[in-house]
Amino acid sequence: RYLEAGQAGKPQLVLIHDGGFGASADLCWGAIIDLLADEFHIFAPEMLGWGGTDKVVFLDRSPYAARLPHIAAFVDVMGIRSACFAGASFGGSLTMRASVTDGNPWRMERAISISGTGGPFRLQSGIDALAEYTPSMEAATKLMGLIIGDVAGFEEHIRQMHENSLIPGHWESMMAPRLRNPSADRSPPVDKYLEQLEHTRIPTLLVAGDHDPLLEARWADKLAARSELIEARQVDAGHEPNIDQPELVAGIMRDFFGSRR
């Protein structure tokens, strides 16, 4: 399932949603889409495991490796020739991984990652907190608090997040990667992501919140130091300003993506 907005012929923009329980394209990007639909031809797919997309789990590869080719296939099917990409949280990390994948399979021109590091600089306390979710309104409210901080006025968003977390197969597909075979000792493969960033060819902007409880402080500056094509911007926000400060994020997108025209 995917959302589409704007008009053919406008610059193409693909939005990759976050990876929390109950996430969806509309909850992550709905306000941004409303603000940018007059300026871009927007596509917002839902990734494997979320929303209306299949609840498929690959247990023999990383969450990134399982989803990179799925979005590449979406790009092919939709006839996206060249686009800007923005991702939030896990979607930002996936976008960062795609930006250093050989052959540029997403046909990416520019990228913005909002609170998505590509994997490193995540706080263990945040990882644990995000994983502790048994569907309920109370749990959804707690999760929302980690994402934006003050949840006042977001009651409907929280209710929809809770409803989404009850979709058959969603919770199970999110929990399945935590399974470990007790009789097999499997070390993680060597990850060359940080080295790959040094050779990126995709102009990238990293947006980091000053009050993000899930990531290390100044993570964006550490990644930006690896390439002249990567910029970092600190904002007065929590983990996902795309949800609670859409006007700010829409302006950042206009500035960064508009400079390519």
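Ser89 is situated in the loop that connects β4 and α3. In this predicted model, the phi angle of Ser89 is near 55°, a positive value in a residue other than glycine. Most residues other than glycine have a negative phi. Ser89 is also buried, because its relative accessible area of 15% falls under 20%.

A second residue with this backbone feature is Arg107, which is not a glycine and yet has a positive phi of about 55°. Arg107 belongs to the loop between α3 and β5. With a relative accessibility of 34%, Arg107 counts as partly exposed.

**Nonpolar cores**

The largest nonpolar core comprises 37 residues, of which Ile16, Ile71, Phe85, Leu94 and Trp106 touch the most other members. At least two residues of this core come from each of the strands β2 (12-16), β4 (83-88) and β5 (108-114), and likewise from each of the helices α2 (63-77), α3 (90-99), α5 (137-148), α6 (155-164) and α7 (170-175). Another core, of 27 residues, lies apart from it; Trp29, Ile42, Ala86 and Ala237 are among its members.

**Buried polar side chains**

Ser24 is located in the loop between β2 and α1 (25-36). Ser24 counts as buried because its relative accessible area is 1%, under the 20% limit. The side chain of Ser24 forms a polar contact of 2.4 Å with the side chain of Asp26. In addition, a polar atom of the Ser24 side chain lies 3.2 Å from the backbone nitrogen of Leu27. When residues up to four places away in sequence are not counted, Ser24 touches His17, Glu46 and Asn164.

Asn242 is part of helix α10 (residues 241-244). Its relative accessibility is 0%, and Asn242 therefore counts as buried. The side chain of Asn242 makes a polar contact of 3.0 Å with the side chain of Glu240, and one of its polar atoms lies 3.1 Å from the backbone oxygen of Cys28. Beyond residues up to four places away in sequence, Asn242 touches Cys28, Trp29, Ile32, Ala88, Ile114 and Val249.

The distances for these two side chains are set out below.

| Side chain | Partner | Distance |
|---|---|---|
| Ser24 | Asp26, side chain | 2.4 Å |
| Ser24 | Leu27, backbone nitrogen | 3.2 Å |
| Asn242 | Glu240, side chain | 3.0 Å |
| Asn242 | Cys28, backbone oxygen | 3.1 Å |

**Trp50 and Ala131**

Trp50 is found in the loop between β3 (41-45) and α2. Its relative accessible area is 3%, so Trp50 is buried. Leaving out residues up to four places away in sequence, Trp50 touches His17, Asp18, Gly19, Gly20, Ala23, Lys55, Arg67, Phe90, His170 and Met174. Trp50 and Ile80, 30 residues apart in sequence, have their C-alpha atoms 22 Å apart in space.

Ala131 lies in helix α4 (residues 124-131). The C-alpha atoms of Ala131 and Leu143 are separated by 9.6 Å, and the two residues are twelve places apart along the chain. With neighbours within four places in sequence left aside, Ala131 is in contact with Phe21, Met175 and Arg178.

**Cavity and pocket**

How many cavities of 30 Å³ or more does the structure hold? There is one. The largest cavity has a volume of about 60 Å³, and its lining consists of Asp18, Gly20, Phe21, Gly22, Ala23, Leu27, Cys28, Ile147, His157, Met161 and Ile243. Helices α1 and α6 are the elements that give two or more residues to this lining. By class, the lining has seven nonpolar residues, three polar residues and one charged residue. Several of its residues recur in the contacts described above: Cys28 is touched by Asn242, Phe21 is in contact with Ala131, and Asp18, Gly20 and Ala23 are touched by Trp50.

The second largest pocket has a volume of about 190 Å³. Its lining residues are Ala98, Ser99, Val100, Thr101, Asp102, Gly103 and Asn104, together with Gln196, His199, Thr200, Arg201 and Ile202. Three of the lining residues are nonpolar, seven are polar and two are charged.

Note on methods. Residues are numbered from 1 along each chain as its sequence is written. This is a predicted model: local features need pLDDT of at least 70, side-chain atom pairs count only at pLDDT 80 or more; totals for chains, interfaces and linings use all residues. Side-chain values use heavy atoms; hydrogens and water are left out. On a 1 Å grid over the protein atoms alone, a cavity is a set of points where a 1.4 Å probe fits but cannot get out, and a pocket is an open set with protein on both sides within 12 Å along at least five of seven lines; lining residues have an atom within 4 Å of a point. Grid points are joined across faces, edges and corners, and a volume is the space filled by probe spheres set on the points. Ala, Val, Leu, Ile, Met, Phe, Trp, Tyr, Cys and Pro count as nonpolar, Asp, Glu, Lys and Arg as charged, and the others, Gly among them, as polar. A nonpolar core is a set of buried Ala, Val, Leu, Ile, Met, Phe, Trp, Tyr and Cys residues joined through side-chain atoms within 4.5 Å. Buried means under 20% relative accessible area, exposed over 50%, partly exposed in between (1.4 Å probe, protein chains only). Helices (H or I, at least four residues) and strands (E, at least two) are DSSP runs, numbered from the N terminus. A polar contact is a pair of N or O atoms within 3.5 Å; within protein, one must be able to donate a hydrogen and the other to accept it, and residues adjacent in sequence count only if both atoms are side-chain atoms. Contact means heavy atoms within 4.5 Å.
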